[in-house]
Amino acid sequence: MRKKNPIDEARRYVDNARETLDEGGELDTEKFEYQDEKYVRAAGNYLWLGVLMALDAVFQVRKDRRTRVDIQDNREAIGKRDKKLLLWFNSGYDIMHLYMNYDGNPNKGLCDSGFAYANRIIDRCAMMVN
């Protein structure tokens, strides 16, 4: 089911990421790491997609739903309007997309940081849309 408000939809992606880690990502409390990188990767992917959805609502860099947006295009659009959001975007890209999604880094602190950046970015986009 697709919602009409992209900010609400982005927040739903963050909720899905949390559910994925809570349900499948067994935490080793001694190592402070998740046991299965599969769930970390899935959560990172959900977070990043939610961020991109929120950014699309504000910046509309993507002209056609069938095309991909280059990361540089997003950076340029964000940088012209909000330098703080650009810093968060760059850090969020590293954490959510690269470390969590691609690398499957199981560190809980890193994953928590990914959630924090996703929420910050989405909240900032919500202020910019309204």
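**Close-up views of a predicted model**

**View 1. The side chains of Arg-75 and Gln-72 meet in a polar contact of 3.1 Å.** Like every view here, this close-up shows a predicted model. Arg-75 belongs to helix 3 and is partly exposed, with a relative accessible area of 23%. If we set aside neighbours within four places in sequence, Arg-75 is in contact with Leu-86, Phe-89, Asn-90 and Tyr-93. With Tyr-93 the arrangement has a name of its own: Arg-75 lies over the face of that ring, 5.4 Å from the ring centre. For a sense of scale, the C-alpha atoms of Arg-75 and Lys-31 are separated by 35 Å, and the two residues are 44 places apart along the chain.

**View 2. Aromatic pairs join helices in this model, and a search of the whole structure finds 3 of them.** Tyr-13 and Tyr-46 pair edge-to-face, with 6.5 Å between centres and 75° between planes. Tyr-13 sits in helix 1 and Tyr-46 in helix 2, so this pair links distant parts of the chain, 33 residues apart. Tyr-46 counts as partly exposed, because its relative accessibility is 30%. Trp-48 and Tyr-93 also form an edge-to-face pair, at 5.4 Å centre to centre and 65° between the planes. Here helix 2 provides Trp-48 and helix 4 provides Tyr-93, so the pair ties together parts that are 45 residues apart in sequence. Is Trp-48 buried or exposed? Its relative accessible area is 5%, so Trp-48 is buried. Tyr-93 counts as buried too, at 18% relative accessibility. Ring pairs gather Trp-48, Phe-89 and Tyr-93 into a cluster.

**View 3. The largest nonpolar core contains 38 residues, and those touching the most other members are Leu-47, Leu-55, Phe-59, Leu-85, Met-96, Ile-121 and Cys-125.** At least two residues of this core come from each of helix 1 (6-24), helix 2 (37-59), helix 3 (71-81), helix 4 (83-102) and helix 5 (108-129). Which helix gives the largest share? Helix 2 does, with 11 residues. Met-96 is a good place to zoom in: beyond its neighbours within four places in sequence, Met-96 is in contact with Gly-44, Leu-47, Trp-48, Val-51, Asn-101, Gly-114, Tyr-117, Ala-118 and Ile-121. As general background, nonpolar side chains tend to be buried together in soluble globular proteins.

**View 4. Helix 1 is capped at its N-terminal end by Asn-5, with a side-chain oxygen 2.9 Å from the backbone nitrogen of Ile-7.** At 1.5 Å a residue, the 19 residues of helix 1 should span 27 Å, and the end C-alpha atoms are indeed 27 Å apart, which agrees. The buried residues of this helix are Ile-7, Glu-9, Ala-10, Val-14, Ala-17, Thr-20 and Leu-21. What covers them? The cover includes strand 2 (33-34), helix 2 and helix 5.

**View 5. Thr-20, a residue of helix 1, has a side-chain polar atom 2.8 Å from the backbone oxygen of Asn-16.** Thr-20 counts as buried because its relative accessibility is 17%. Not counting residues up to four places away in sequence, Thr-20 touches Gly-25, Tyr-39, Ala-42, Ala-43 and Tyr-46.

**View 6. At the start of helix 2, a side-chain oxygen of Asp-36 comes to within 3.1 Å of the backbone nitrogen of Lys-38.** How does the length of helix 2 compare with what 1.5 Å a residue gives, and what is its span? The 23 residues should span 33 Å, and the end C-alpha atoms are 32 Å apart, which agrees. After helix 2 comes Gln-60, whose phi is positive, near 45°.

**View 7. The side chains of Asp-82 and Arg-124 are joined by a polar contact of 2.8 Å.** Asp-82 lies in the loop between helix 3 and helix 4. At 11% relative accessibility, Asp-82 counts as buried, since the cut-off for that label is under 20%. Leaving out neighbours within four places in sequence, Asp-82 is in contact with Arg-124 and Met-128.

**View 8. The charged end of Arg-120 sits over the ring of Tyr-117, 4.7 Å from the ring centre.** Tyr-117 also appears in View 3, as one of the residues in contact with Met-96.

How values were computed
Residues numbered from 1 in each chain as written. Predicted model: local features only at pLDDT ≥ 70, side-chain atom pairs only at ≥ 80, totals over all residues. Heavy atoms only, no water. Core = buried A, V, L, I, M, F, W, Y, C linked by side-chain atoms within 4.5 Å. Buried < 20%, exposed > 50% of the residue type's maximum accessible area, 1.4 Å probe, protein only. Helix = DSSP H or I, 4+ residues; strand = E, 2+ residues; numbered from the N terminus. Contact = heavy atoms within 4.5 Å. Expected span 1.5 Å × (residues − 1). Polar contact = N/O pair within 3.5 Å; in protein donor to acceptor, adjacent residues only side chain to side chain. Phe/Tyr/Trp six-rings, centres within 6.5 Å; stacked < 30°, edge-to-face > 60°. Lys NZ or Arg CZ within 6 Å of the ring centre and 35° of its normal.
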